[in-house]
Amino acid sequence: MKAAVLYERRTPLVIDDLDLASPGAGEVEVRLVASGVCHSDLHHIQRDTPTILPVVLGHEGAGIVTAVGPNVTRVAPGDHVIIAFGPKCGECYYCVRGMPYLCTPARPARPRLFKNGQVINQFLEVATYAERTVVSEKNVVKIRDDAPLAVCSLVACGVTTGIGAVINTARVEPGSNVVVIGTGGVGLNVVQGARLAGAARIIAVDVRDNKLEFARAMGATHLINAAREDVVERVRALTGGYGADYAFEVIGNPATINQAYESIRKGGTAVVVGVADENAELTIKPVWLMRQAKTLMGCAYGSARPQVDFPRIVDLYMEGRIKLDELITRRFGLDEINEAFRAMEAGEVARGVIDLA
Ligand code: PAD
Ligand code: ZN
């Protein structure tokens, strides 16, 4: 079975032949159809993170169930599924409180990928840059058969995170003024989440004009190129001098998190979606946090409950209420995965997708 392996940080992924375990109790095997290319994967290539190498990256996948182990009840062979990344034990402190995006399982998943007997780790317990994967049945969400799977792969991370940040995390009210800083694969979905929520103004901020044009197509009403314009000043000017009700940072950089915080009005909410470097620190004056009564919040995986949110998002797409096809600028073969990361870094694509079927 072919998969893209990260053997050493800051080196290209290697397309390698790996052995995949048969599904054990509570596990399923999925033939992957597609996997989106998310910046979070790139962070683990470029940065020193807690992820243990060697690892098969990829966490934005969809496919078809090919086999199930004993005691599997949620899905059967032939089912179309979107894969939800990260542990989803269903029993820990967070899972039972409806926050599976914070799942802290008692035991890690067993190793399922091997090269000559050596364990190869599965990124976030899913490892979707591969032809097939074996995951817990709790990591798969059955979806309707008539939804195109390649497009639905994006629901596994970028779409759910972006729309979820607006709907679940911040709970944006109709008529709000919303700023989205960083309109890449995830930020574009914050833009369309804001449209779905009925935001009045959706102010897209990026340093690349092509990204801003993508944002306009997803529903942004105003565009700010941060390379040429003062973001905070422009946002204030567009919001009657007050600042926005909500700002979403979707890059992962302390300077733009500060920009989000400065862009909101008194009593407004700034949401950090971007994943910052492990050692990055943020400086905010607590006295202003108090005086301006602002809220600064983090957003993991769009605060989503995948078993509820994935089918809903797929229905929204199938009813023409959200755009997914427009997110996919380019498709790549598995052997072109390093080129797909280059294209993302160069800002050439809204989202790249690896075709695996
Ligand atoms: P992307 O590379 O597609 O988009 C990033 C965008 O930011 C690009 O359009 C850049 O041009 C733009 N950008 C870069 N610097 C600036 C700047 N100074 N000002 C304005 N715009 C800028 O990445 P992505 O959308 O796949 O991911 C974005 C972040 O979200 C990244 O940190 C990723 O790790 C994180 C993420 N978080 C979660 C979560 O659960 N919170 C889920 C998925 C991704
Ligand atoms: Zn992601």
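Where is proline 54 found? Proline 54 sits in the loop between H1 and E5. The peptide bond leading into this residue, from leucine 53 to proline 54, is cis, with omega near -10°. Keep in mind as you explore that this is a predicted model.

**The zinc site**

Let's move on to the metal. The zinc ion (ligand 2) has Cys38 (SG), His59 (NE2) and Cys157 (SG) as its protein donors, and they lie 2.0 to 2.3 Å from the ion. Along the chain, the donors follow the spacing C-x20-H-x97-C. Histidine 59 and cysteine 157 link distant parts of the chain, being 98 residues apart. You can find histidine 59 in the loop between strand E5 (55-56) and strand E6 (61-68), while cysteine 157 belongs to the loop between helix H2 (149-152) and helix H3 (158-170). Both histidine 59 and cysteine 157 are buried.

**Two helices that pack**

Now look at helix H1 (residues 39-46) and helix H10 (residues 337-345), which pack at an angle of about 105° with their axes 11 Å apart. Angles of 65 to 115 degrees count as roughly perpendicular, so H1 is roughly perpendicular to H10. On the H1 side, the contact is made by His39, Asp41, Leu42, Ile45 and Gln46; on the H10 side, by Phe341, Met344 and Glu345. Sorted by class, this contact has four nonpolar, two polar and two charged residues.

**A buried glutamate**

Glutamate 27 lies in strand E4 (residues 27-37). Is glutamate 27 buried or exposed? With a relative accessible area of 6%, glutamate 27 is buried, because buried means under 20%. Its side chain is joined to that of arginine 110 by a polar contact of 2.7 Å. Leaving aside residues up to four places away in sequence, glutamate 27 touches several others, including Ser22, Val68, Arg112 and Glu137.

**Two positive phi values**

Alanine 293 has a positive phi though it is a residue other than glycine, and tyrosine 301 also has a positive phi although it is not a glycine. The table sets out their details.

| Residue | Phi | Loop | Relative accessible area |
|---|---|---|---|
| Alanine 293 | near 50° | between helix H8 (286-291) and strand E17 (295-298) | 48%, partly exposed |
| Tyrosine 301 | about 50° | between E17 and helix H9 (306-318) | 6%, buried |

Try finding both in the structure: alanine 293 is partly exposed, whereas tyrosine 301 is buried.

Note on methods:
Residues are numbered from 1 along each chain as its sequence is written. Chains are lettered from A and ligands numbered from 1 in the order in which they are written. This is a predicted model: local features need pLDDT of at least 70, side-chain atom pairs count only at pLDDT 80 or more; totals for chains, interfaces and linings use all residues. Side-chain values use heavy atoms; hydrogens and water are left out. Axes are lines fitted to C-alpha atoms, for helices over the stretch in contact, and angles run from 0 to 180 degrees between N-to-C directions. Helices (H or I, at least four residues) and strands (E, at least two) are DSSP runs, numbered from the N terminus. Angles under 35 degrees count as roughly parallel, over 145 as roughly antiparallel, 65 to 115 as roughly perpendicular and the rest as oblique. Contact means heavy atoms within 4.5 Å. Ala, Val, Leu, Ile, Met, Phe, Trp, Tyr, Cys and Pro count as nonpolar, Asp, Glu, Lys and Arg as charged, and the others, Gly among them, as polar. Donors are N, O and S atoms within 2.8 Å of the metal (3.2 Å for Na, K and Ca); water is not among the atoms, so sites may look incomplete. Buried means under 20% relative accessible area, exposed over 50%, partly exposed in between (1.4 Å probe, protein chains only). A polar contact is a pair of N or O atoms within 3.5 Å; within protein, one must be able to donate a hydrogen and the other to accept it, and residues adjacent in sequence count only if both atoms are side-chain atoms.
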